[in-house]
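Please open the model in your viewer and keep the sequence panel beside it. This tour goes from one selection to the next and says what is found at each stop.

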Amino acid sequence: MSQDVKSAIAEFHQVVNMTPKELDSWLETEESQAVGQKKDDDESTGHKSGRRIIELLQKKEDEYTDDDISHMKKVISYVHRHSAQKPSHDIETSRWCYSLKNWGHDPLKK
């Protein structure tokens, strides 16, 4: 496994600070399903990513495919980019917070 892949896996596990159980419960909420980019009435990109993140968190490191690593990098990029756009008001009930949680990152966690 290359150093780039090892780094991506480590960073993925840093930015995804929700457990599979927490993320699964979150994805069932109305708030989770109300945010994100959708095509037609389909599931949002972030919501779909959340389901994929649960699968990745349940895999062993030696089971990751190239596609899995690619998705991890996408998650890392999204969380970093979106975190930088933090609103100045009531973040707990913001679409910003809800969207990050769909991607496995709870910005309210310490």
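**Where two helices cross**

Begin by selecting α4 and α5, where α4 passes α5 in a left-handed crossing, a term used when the near helix is turned anticlockwise from the far one by less than a right angle, whereas clockwise would make it right-handed. Helices here are DSSP runs of H or I with at least four residues, and strands are runs of E with at least two, numbered from the N terminus. Before going further, note that this is a predicted model, in which local features need pLDDT of at least 70 and side-chain atom pairs count only at pLDDT 80 or more, while totals for chains, interfaces and linings use all residues. Residues are numbered from 1 along each chain as its sequence is written, and side-chain values use heavy atoms, with hydrogens and water left out.

The axes of α4 and α5 cross at roughly 125° and come within 11 Å, the axes being lines fitted to C-alpha atoms, for helices over the stretch in contact, with angles running from 0 to 180 degrees between N-to-C directions. That angle makes α4 oblique to α5, because angles under 35 degrees count as roughly parallel, over 145 as roughly antiparallel, 65 to 115 as roughly perpendicular and the rest as oblique. Now show the side chains of Ser49, Arg52, Ile53 and Leu56 in α4, which meet Asp67, Asp68, His71, Met72 and Val75 in α5; contact means heavy atoms within 4.5 Å.

**Along α5**

Next, select α5 alone, residues 66-83, and place a distance between its end C-alpha atoms, which are 26 Å apart. This agrees with the expected span of 26 Å for 18 residues at 1.5 Å a residue, where the expected span is 1.5 Å times one less than the number of residues. Colour its buried residues, among them Ile69, Met72, Ile76 and Val79, where buried means under 20% relative accessible area, exposed over 50% and partly exposed in between, with a 1.4 Å probe and protein chains only. The buried residues of α5 pack against α1 (3-15), α4 (45-58) and α6 (95-102).

**Into α6**

Moving to α6, you will find that seven of its eight residues are buried, including Trp96, Cys97 and Leu100. What covers these buried residues includes α2, α3 (30-33), α4 and α5. Just after α6, select Gly104, which takes a positive phi of about 85°.

**Leu23 and the α2 side**

Which helix holds Leu23? Leu23 is found in α2, residues 20-27, and it counts as buried because its relative accessibility is 0%. Leaving aside neighbours within four places in sequence, Leu23 is in contact with Met18, Gly50, Ile53, Ile54, Lys101, Asn102 and Gly104. Show α2 together with α6, and you will see the two packing at an angle of about 130°, with their axes 10 Å apart. The contact is made by Leu23, Trp26 and Leu27 of α2 and by Tyr98, Lys101 and Asn102 of α6.

**Last stop: Ala34**

Finally, select Ala34, in the loop between α3 and α4. Is Ala34 buried or partly exposed? With a relative accessible area of 45%, Ala34 is partly exposed. Add Ser99 to the selection: the C-alpha atoms of Ala34 and Ser99 are separated by 9.2 Å, although these residues lie 65 residues apart along the chain.
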